[in-house]
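Me: I have a model open and some labels I would like explained. Can we take them one by one?

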Amino acid sequence: PDAFTHSPSKLHQHCPKFHTWEWKRLTNPIHKNLAWWTAASLLLNPVFASGNLVGYPDLAENIVFLGSSGVGKSHLSIALGYEAVKAGYKVRFITAQDLTGQLYASLAEDILTELARFGKYHLLTIDELGFLSLDKTASNHFFQVINQAYERQSVITTSNRPFQTSSVLFYDAVIVTAILDRILHHTHFLT
């Protein structure tokens, strides 16, 4: 269950722009915040240095968290999503596996409608990119989501694999190049 759905009334008290339906759409697995994070690499990054993240999703810039399991990549991406929701932005958190699964499911119905749903968020977080390799169809779907977001939405991506090994994740080298071109342009890296 989504831990964020437990107390939306508290968020309403602090954030008048917030709407309940946006809260329900934020499908993060558990509630996290930035209060615990004091890592020097985070504070040195220009996105986070001011401590004021309000307005970050308007920049349509990306954040990539790279590192081994257990270092806090998902925690930080959830916390940034939470801060964006508090600031009135529409946020979607989804694992790469769930993203491609939802797009596969929409093949029988209308994939363009499903892609449009992903395009309505200010901030899209794709967690756990790199745990599973994607076949041709899933790679194409993933590209469509990233292409649609390019320079229109902010995208946070977490991965335990360096981008130099992306060829093992996606179907072919052409799609790898196209995806990385869009993810890495306007990107802040945290490793």
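Reply: Yes, starting with the ground rules. This is a predicted model, where local features need pLDDT of at least 70 and side-chain atom pairs count only at pLDDT 80 or more, while totals for chains, interfaces and linings use all residues. Residues are numbered from 1 along each chain as its sequence is written, and side-chain values use heavy atoms, with hydrogens and water left out.

Me: Why is Ser 77 called buried?

Reply: Its relative accessibility is 1%. Buried means under 20% relative accessible area, exposed over 50%, and partly exposed in between (1.4 Å probe, protein chains only). So Ser 77 counts as buried.

Me: What makes Glu 83 and Lys 86 a salt bridge?

Reply: Their closest N and O atoms are 3.4 Å apart. A salt bridge needs a side-chain nitrogen of Lys or Arg within 4 Å of a carboxyl oxygen of Asp or Glu, so this pair qualifies. Both residues lie in helix α5, three residues apart.

Me: Why is Glu 83 called partly exposed?

Reply: Its relative accessible area is 23%, so Glu 83 falls in the in-between class.

Me: How do you know that Glu 114 is buried?

Reply: Glu 114 has 10% relative accessibility, so it counts as buried. Its salt-bridge partner is Arg 117, with the closest N and O atoms 2.5 Å apart. Arg 117 has a relative accessible area of 40%, so this residue is partly exposed.

Me: Why is Asp 181 called partly exposed?

Reply: Its relative accessible area is 46%, so Asp 181 is partly exposed. Asp 181 forms a salt bridge with Arg 182.

Notes: Helices (H or I, at least four residues) and strands (E, at least two) are DSSP runs, numbered from the N terminus.
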